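Me: I should like to go through a structure and ask, for each label attached to it, what justifies that label. Please set each value against its criterion before concluding.

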Amino acid sequence: MPSVTDFGLWYNVSGFQYNGIMTTILNASLIRLMTALIPVKRVRVRVRRRLLDRARDARTARLVPIVRARYAAHEQRCRDKLARGGRLRVAFLVCDASMFSGESVYLRMRDDPRFDCFIAVAPRVTRGVDFLKMTLAKTLEVLSARYGDAVRSLYDEVTGKGRPLEADLVYSTVLYEDQTLPDYTTERLSRQALVAVLYYGYGGLFVSNERKTPFLPNIVLAWRYFVSNAATHGMMVAKNPLLAGNTVVSGYCKMDRLAGLERPQGKVGRRKKVVVCPHHSIDREADGLALSTFLKNADLLLRLPGLFPEIDFVFRPHPLLFVRLATSRWWGAEKTAAYVAKMEAHPNVEFQRGGDYFAAFAASDALIHDCGSFLAEYFYTGRPQCYLLADEKTVEEQFLPFSRRLLEHAVRALTEKDVLAFLRRVVLAGEDPDAAARNAFAAQEVCVHYPHATACVLASSLRGIEKGVL
C-alpha cells in the first residue's frame, strides 16, 4: 500500500506538513483517497482540508483570466443589445427567501424598461432530499406570494434535475459551490452571463469569513462582488488580492427595504416586542463558526415568555437549528418537537419558521440573539440588542475587529441574570444610554449608503456594462 510520503506529504512531531507537489492537478476524489491513509483523524481532516483548499485555489486562479475574458465579451454583448433597444434578461438566484439579499435590486430593476427580471429558486442540496424539498417549497411559497409568476423553480422534483438558467445578468446569493447544483455555480453561469454576487448576510464579521470567504470560487470568479462596508472590502482584498478586480463597496442593499416598513409608535400602553433568534452552530467542530449558545440557554429562552407576560416575543430560530436538534446526535425528533410545542403554547409568543423577518425587526423594540449577520443588521433599526455569549473566549476566537466594535454597542449576556436585566432595564424601563453613540457609529460605519445601497449596486452594474470598468 502506498505510504503518505508517496503522495508528497511528510509527518513531524507538530503534525502533518505538505510540500504541495502536484496539488494543482489533484482532484477532490484523489485527495480524499490519499489522505485516508493518515491514521489520526484530527490530522487527517486538517491535511485533507488544506490540500482541498490548495487545489481549489489553484483551480480558481487558473480560471480567473478565462472567466474575466468571458465577462468582457458579455459586457459588449449587453451593450450592443441595449443599443439596439433590447432588454437585458436579469435573473436573481436564491436558495432561501430569508437570504434574498438582492430583493431591493429586483424591485428597482423590474420597473426599468431596459430589464426583463425574474427570480430563480435553486434547490439547496447539502442537507438531504427532505430539507431540499421543504426549503424549496417554502421559498417558492413566500416569494410567489409577493411576486407571482416572476418566481420560477430551477428544480424538477420528478427527475431530481435542475432546469436551465438563461440570462444576460445573474445576481446570485449562492456563495458555496456545493450549496446547490453545479449548473448554478458562478463558473458555469459565467459561460453565458455576467454574474454578480450579493452576500446573503452582512458579511465580514467573523474569523470564518476571513479564512474562507475570500477564497470561495463563486466569489473570486464573480463579475462583481458587492460588500457592505470598507472594513469588509479591506479584509477581503488583503486576504486574496484577486478580489481587487471585482469587489465593490455598495453598502448592504438588503436592508434598504427596512426604511419603508412601519415602525412601532410610542403610544402609552403599547406592548413591547422582543425578537429572539438562536443560531444553529451547535456543532463547534463541523461549523467552523461557533456562535450558538442554544444548548446552554434553551431552558431560559423557553421560560422568558412566562417571566415577562407583558412582553410579546417573536421566537425565530435559524432555519437549520431545529433540523439539527432533531437528529439522533443531538436532541432527537421527540424532544425537539416537545420544545417547539411548549414554546408555541405561550400566548405571547409568535413562532416564526423562516421567511421574511423585516416586519418583525421593524415592529420590535429589541433583539436577543447569538447570530451572525443579525449583529450588524439590527443596527439599522436604531434599537438595542442583547448578544448571547458562551464566554469571552468566543469573542477572541470568532470575532474580527469590526464585529468586536459592533459588540461594543450591544449588551453582552454571559449569564441568565444578564438577559433578565436587559429585559427589565433596557426593554421595559427604557434605559438605553448608548443609543446616541450606537446610532452615530451605525450611520458612519455600518449602514453605508442606507437606504440607497440598492442604487449603488445598480449604478456599479450599469457602469460595468456601459463602460467596462469596476
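Reply: The answers below concern a predicted model, and they take up its sheet, salt bridges, cores and two single residues in turn.

Me: What makes strand 14 and strand 17 edge strands of the sheet?

Reply: The sheet is open and holds 6 strands in the order 14-13-12-15-16-17, with parallel pairing. Strand 14 (349-351) and strand 17 (411-413) each have a single partner strand, so one side of each is left without a neighbour in the sheet. On average, neighbouring strands of this sheet are turned by 20 degrees against each other, direction ignored.

Me: How do you know that strand 13 and strand 14 are paired?

Reply: Pairing requires at least two bridges between two strands. Strand 13 (residues 311-315) is joined to strand 14 by 3 bridges, so the criterion is met. The two strands run parallel, and Phe313 has Val349 as its bridge partner in strand 14.

Me: Which helices accompany this sheet, and at what angles?

Reply: Helix 12 (residues 333-345) packs on the sheet and touches strand 13 and strand 14, its direction making about 135 degrees with that of strand 14. Helix 17 (residues 416-428) lies across strand 12 (272-277), strand 13, strand 15 (366-369), strand 16 (385-388) and strand 17. With strand 15, helix 17 makes an angle of about 170 degrees.

Me: Why is the contact between Arg59 and Glu177 called a salt bridge?

Reply: The label requires a side-chain nitrogen of Lys or Arg within 4 Å of a carboxyl oxygen of Asp or Glu. For Arg59 and Glu177 the N to O distance is 3.5 Å, so the pair qualifies under that limit. Arg59 lies in helix 2 (residues 41-83) and Glu177 in the loop between strand 8 (169-172) and helix 5 (186-189), so the pair ties together parts that are 118 residues apart in sequence. By this rule, the count comes to 22 salt bridges.

Me: What makes Lys81 partly exposed but Asp168 buried?

Reply: Buried means under 20% relative accessible area, exposed means over 50%, and partly exposed lies in between. Lys81 has a relative accessible area of 24% and is therefore partly exposed, whereas Asp168, at 6%, counts as buried. These residues form a salt bridge, with the closest N and O atoms 2.8 Å apart. Lys81 lies in helix 2 and Asp168 in the loop between strand 7 (161-162) and strand 8, so the pair ties together parts that are 87 residues apart in sequence.

Me: Where do Arg270 and Asp365 lie, and how is each classed for exposure?

Reply: The side chains of Arg270 and Asp365 meet in a salt bridge with an N to O distance of 2.7 Å. The pair links distant parts of the chain, 95 residues apart: Arg270 is in the loop between strand 11 (247-249) and strand 12, and Asp365 is in the loop between helix 13 (358-363) and strand 15. At 29% relative accessibility Arg270 counts as partly exposed, while Asp365, at 13%, is buried.

Me: What makes Asp53, Arg56 and Asp57 a network?

Reply: Salt bridges that share partners join Asp53, Arg56 and Asp57 into one network.

Me: Which residues have the most contacts inside the largest nonpolar core?

Reply: The largest nonpolar core has 71 residues, and those with the most contacts inside it are Val90, Phe92, Leu93, Met109, Ile119, Leu165 and Tyr171. Beyond four places in sequence, the residues touched by Leu93 include Ala120, Leu154, Val170 and Tyr184. Another core, of 35 residues, lies apart from the largest one; among its members are Leu205, Leu258, Phe374 and Tyr387.

Me: Why is Tyr225 called buried and Leu428 partly exposed?

Reply: Tyr225, in strand 10 (residues 224-227), has 1% relative accessibility and therefore counts as buried. Leaving aside neighbours within four places in sequence, the contacts of Tyr225 include Val197, Tyr199, Ile219 and Met236. Leu428, in helix 17, has a relative accessible area of 33% and is therefore partly exposed. Among the residues that Leu428 touches are Lys272, Phe308 and Ile311.

Key:
Residues numbered from 1 in each chain as written. Predicted model: local features only at pLDDT ≥ 70, side-chain atom pairs only at ≥ 80, totals over all residues. Heavy atoms only, no water. Helix = DSSP H or I, 4+ residues; strand = E, 2+ residues; numbered from the N terminus. Axes fitted to C-alpha atoms, helices over the stretch in contact; angles between N-to-C directions. Contact = heavy atoms within 4.5 Å. Buried < 20%, exposed > 50% of the residue type's maximum accessible area, 1.4 Å probe, protein only. Core = buried A, V, L, I, M, F, W, Y, C linked by side-chain atoms within 4.5 Å.
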